[in-house]
Amino acid sequence: MSVSISILERALEREKAARKQAETILEKKSAELYKITQELQESNQKLNHLFNATRSELTGVFANLVDAYLVTDLSGDVIKMNDAAIQLLGFDCTKENFNIKHLIFKEDLAVFYTYFKQIDAENQYKDFNVRVVTKSNELKILHINCSMMHDQDSNEPVAVQGIFRDVTSQVFAEEKLRASENRLALLVNNLDSGVFMLNENNTILLANKKLCDIFNLKVSADELSGKKLKDSGFIFDELFTDKDAVLDRYQEITSKKQVVLGDELQLKNGRFLERNYIPIYENDEFRGHLWSFIDITLKKKFRQSLESEKQKYGNVIANMNLGMVELSNDGQVVMVNQSFCKISGFTEEEIIGKGIGLFTKDASKSFKRILQEKGKRIEGISSSYEIEAFNKIGDKRYWLISGAPNYTIEGKVAGSIGIVLDITEIRNLQFQKEALVEKLERSNIELQEYAHIVSHDLKSPLRSIYALVSWLKEDNEGKLDELSMQNFGMIESTLEKMEQLITDILNYSSAGAGTLEVSSVDLNIVIEDIKQLLYIPNHIQVEVVDKLPVISADHVKIQQVFQNLISNAIKFIDKEEGLVEIGYRQTEKFYEFYVKDNGIGVEEKYHNKVFEIFHSLKKSKDSTGIGLSIVKKIIKLYNGRIWIESTPGEGTTFKFTIKKS
Amino acid sequence: MTNSLKVLLIEDDMIETMKLNRTVSKLQLKHSITEAKNGEEALQVLEQKDRLPDIILLDLNMPKINGIEFLSILKNNDTLRYIPTIVLTTSSNHKDLLECYKIGVAGYVIKPLKYEDYVEKIDKVLSYWSVNELIKV
C-alpha cells in the first residue's frame, strides 16, 4: 500500500506543482489579457471616436452636397434626402412617404430593377442613367451612383444610398450633337465633291464616297480612314495626264500650307477635276489638310461650247455690216462694234462712255427721239425708227435703228442694244425721187395748162376767121357767084377740122397727165351714157352681150376708152345692118373687153399703125387719127394692152385688157 | 314782156366784141352793150355806181387781170357781187369751170366755132336774163 501511497503522494505532489505552475501561467496570462483588453478598449474608444467623427463629417458633407443625395431602405422607401434632392424631385421624405420605384419612368422600370439587383449583389452600381418623373410631372434624366449601406454590428445590408445629378439637358445636347454629326457625315458622304481630310502625319481622317468614285479607288470610304496616304491606293502615274506637274504642285501646296482654290486637273480618262485645298489649324497649330475635288468635265464642256458660241456670235457682230451699239440705262455707250465705228467715223475709244449727244445735236428732234425710244426699252419694248445723225466730220447721215432692251441675268433691263444701218444713200435717193416726182407733177400740170392755153390761142383765131367768113357770106349774099360761096363753105369745113384736131391733141395730152381719180365705175352705166352721148345712126345697133363688171378706175378716162372705140366702130360700118357688140371675160389678173363691129375691117399690116398718133386709115372730115392713140395711152395707164382681130370686109374686133386692182 | 339789159362785155379780142355787137343788132335786141377791153377797164366802168350793168359777160383769157382774178375782185365787193356774171370762154378746161363756179358765176358758156352756133347761144343767154327779175340799184 505504501507504494501506492507514495505513488499517490508523488502524483499529488506533481499535481500540486503543475497546478501551481498553471496558476502562475494563468496569472501571467490574465495580466497579459487585462493589458490587452485595456489596450483594446482604448483603441476601440479611439476608433469609435474616429468613426463618429467621420460619420458626422460625412453627414455634413452629404447634407451640403451640391449633387442630390438620398437614402432608401431595401424596399425603396426613401428615408433620407438632401435639399438638392428635394429640389430636383419635388418630393420631401420628411413630409410625405414615397417610394423611389414610383418615380421611375415606366419604360425604365425594368432596367432599373436589374440595376437594383446589381447593387444587391455587388454592393454598388455606378454611372447609370435613369429617367424619372418629378412631382411636377417633368421627365428628367438622372445620372446616378449607388451603393449599399450595411448594419454596423451585424453587417447586414440595411439601406441604399445614391448620389444623382440632372443630366437631362446634357443628354439632349449630346443627342443633338450626335444627330448633327450624323447629318454632317451623311452630307459629307453624299457630297458632290470628293472630300478627304488628312492629319499632319498624312493619315486619312475622313473620306467620302464621291472621292472613291472620282479616283476609281478599289476601297470604300470607311476603309480609307485611318490609312496612311501612301497606303490608300492613289497612284499618280495612272491618274493624271501630267503627273509630274501634279506632283510638283502637290509638294508646293502642302509645303506652303495656304488656301488654294480652283486648281484644275486633267485625268487620263479625259475628265477634269477642280481641286480646292484648305489647311486646318487649331490654335495656330497645323493639324492637317482638307482636300476637295469636283468633277467639272461637264461644266468645262459647256463652257467650251459656250465659249465657241460666244466666239461665233462675237465674230458675226464684229464683222457684220450693221453697226451695233450697247447703251446703259443712263444713256452711255457701253459697247460698239467695228461697223458702228466705221458708220460714225469715231474710234471705239472716242465713243465708249459718251452719251448719244456725240451723234445728234442736243435737244434736236433725233436726240429726243432716241430718249423717247430708250423709254420704251425700259418697259421692255423693241422698235425701229429713223434719225438724223452726224458723223465725226459733221456730215448729216440717216440711220435706221432697230433697238431692243438688254437684260441682266436676273431679267432686269440693263440698257438697250441698237442695230444701226446707215441709210443715207437710200434716203438721198428717196429725196431725189421725191423731188423728181414733185417736179414731174409740176411740169405735168404746167404742160396741161400750157396745152389748154395753146388750144385756146389756136382756137380763137379759128373762131374769128369763121365769124368773118360768115359775115362775108351774109353781107355779100347774092353778090358772089356759086363757086365763091362753095369756097367759103370749104374754108368753114377746114376750120372745123382744124378745131377738131386741136381738141383731140388736147385730149391726147390730157390722157396721160394728171392723177387717176379712182372710184368704182359701173361699166354698164358708162355704156348707156355713151349711147346717149354719141350720134348713132338708125341702121346701127350697139349691143352689150355680157353684163359688164364694176371696176375701180378713173371714170372719165374709162369712158373715153369705150366712147372712142364705139364711135370708131360706128364710123367704119359700111353694112346696111350695122352691129357694134361689147363684151368681156376675165382672168385672175385682168379684165379683157372687146368692141366688135361689122365694118370695113383692117388689113393686118395696119393693125399696129392704127394706134399711132395722127394716123388715120380713112381720110375723112371727122377723123383726126388721134382717138385710138388716146385709147392706147389710157389702157397703158391701167397696165393693159390693146390689139386688133379683123377680117377685111367683114369687121373688126378691138380687144383690150385692164389690170385688176 | 322782156327787159332791155345793160350788158357789160369784158373781152380783149376785137372780133369777139364785133361778134356780140353784130349778134345783138342782127337779132334786133334792145340791149345796150358796154365794152371793156380788160379787167382794169371793167373795174373803172363799175365805179360809176349809178350806171351799173344788169349782167356781165366775161372772157377768161385776158391780159393783166385775167377773168378768174376779176371774178374774185367782183365777189369781194359788197355791191358788185350781186351782178350776174356769165363766163364766155373758149376754155373747156374742167379746172377753170370748177374754179368759176366755186367763186360764183351765173353761167358758163363755151364759145363755139361756128358763128351760127354762137348767135344761137347768145340769143338764149340774153333771152333768159331779159326775163329775169334783177336787183336794180
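Guide: Strands count as paired here when DSSP finds at least two bridges between them. The model is predicted.

Visitor: In which order do the five strands of the antiparallel open sheet of chain A stand?

Guide: This sheet is open, and its pairing is antiparallel. From one strand to the next, the twist averages 20°. Read across the sheet, the order is 7-6-10-9-8.

Visitor: Which strands of that sheet stand at the edges?

Guide: An edge strand here has a single partner strand, so one of its sides is left without a neighbour in the sheet. Two strands of chain A fit that description: strand 7 (204–207) and strand 8 (260–266).

Visitor: Over how many bridges do strand 9 and strand 10 of chain A pair?

Guide: Strand 9 covers residues 272–282, and strand 10 covers residues 285–295. Across this pair, Asn276(A) stands opposite Ser292(A). The sense is antiparallel, and the number of bridges is 10.

Visitor: Is Asn283(A) buried or exposed?

Guide: Asn283(A) sits in the loop that joins strand 9 to strand 10 of chain A. Its phi is positive, near 50°, and the residue is not a glycine. A residue with 12 or fewer C-beta neighbours within 10 Å counts as exposed. Asn283(A) has 5 such neighbours, so the call is exposed.

Visitor: What is the phi of Gln28(B), which is not a glycine?

Guide: Gln28(B) lies in chain B, in the loop between helix 1 (14–26) and strand 2 (32–36). Gln28(B) is exposed because 6 other C-beta atoms lie within 10 Å. Its phi is positive, at about 55°.

Visitor: What is the order of the strands in the mixed sheet of chain A?

Guide: This open sheet has five strands. Its edges are strand 17 (540–544) and strand 21 (642–647), each pairing on one side only. Neighbouring strands are turned by 15° against each other on average, direction ignored. The order is 17-19-20-22-21.

Visitor: Which residue of strand 19 of chain A stands opposite Glu543(A)?

Guide: Strand 17 and strand 19 of chain A pair in the parallel sense, over five bridges. Opposite Glu543(A), strand 19 places Glu581(A).

Visitor: What angle does helix 16 of chain A make with strand 20 of chain A?

Guide: Helix 16 packs on the sheet. There the helix touches strand 17, strand 19, strand 20 and strand 22 of chain A. Its direction and that of strand 20 make an angle of about 20°.

Visitor: Which helix of chain A gives the largest share of the largest nonpolar core?

Guide: That core has 35 residues, and Val561(A), Phe562(A) and Leu565(A) are among those with the most contacts inside it. Elements giving two or more residues include helix 15 (523–533), strand 18 (550–554) and helix 17 (627–637) of chain A. The largest share is six residues, and the source is helix 16.

Visitor: Which residues does Leu565(A) touch, leaving out those up to four places away in sequence?

Guide: Leu565(A) is one of the residues with the most contacts inside the largest nonpolar core, and so is Val595(A). With the sequence neighbours left out, Leu565(A) touches Val595(A), Val631(A) and Phe654(A).

Visitor: How many residues are in the second, separate core?

Guide: Among its residues are Ala36(B), Ala42(B), Cys100(B) and Leu126(B). The count for this core is 33.

Visitor: What separates the C-alpha atoms of Pro549(A) and Tyr591(A)?

Guide: Pro549(A) lies in the loop between strand 17 and strand 18 of chain A. Pro549(A) counts as partly exposed, because 15 other C-beta atoms lie within 10 Å. Beyond four places in sequence, its contacts are Leu523(A), Tyr584(A) and Tyr591(A). Pro549(A) and Tyr591(A) are 42 residues apart along the chain, and their C-alpha atoms are separated by 8.8 Å.

Visitor: Is Asp59(B) buried or exposed?

Guide: An unreviewed UniProt entry lists Asp59(B) for "modified residue: 4-aspartylphosphate". Asp59(B) is placed in the loop between strand 3 (55–58) and helix 3 (67–75) of chain B. Its contacts beyond four places in sequence include Glu11(B), Asp12(B) and Thr89(B). With 24 C-beta neighbours inside 10 Å, Asp59(B) counts as buried.

Visitor: How many residues of chain A are in contact with chain B?

Guide: Chain B brings 11 residues to this contact. They divide into three nonpolar, four polar and four charged. On the side of chain A, the number in contact is 14.

Notes
Residues numbered from 1 in each chain as written. Chains lettered and ligands numbered in written order. Predicted model: local features only at pLDDT ≥ 70, side-chain atom pairs only at ≥ 80, totals over all residues. Core = buried A, V, L, I, M, F, W, Y, C linked by C-beta atoms within 7 Å. Buried ≥ 20, exposed ≤ 12 C-beta atoms within 10 Å, placed from the backbone. Helix = DSSP H or I, 4+ residues; strand = E, 2+ residues; numbered from the N terminus. Contact = placed C-beta atoms within 7 Å. Axes fitted to C-alpha atoms, helices over the stretch in contact; angles between N-to-C directions. UniProt positions renumbered as here; feature names shortened; annotations may be inferred. Nonpolar A, V, L, I, M, F, W, Y, C, P; charged D, E, K, R; others polar.
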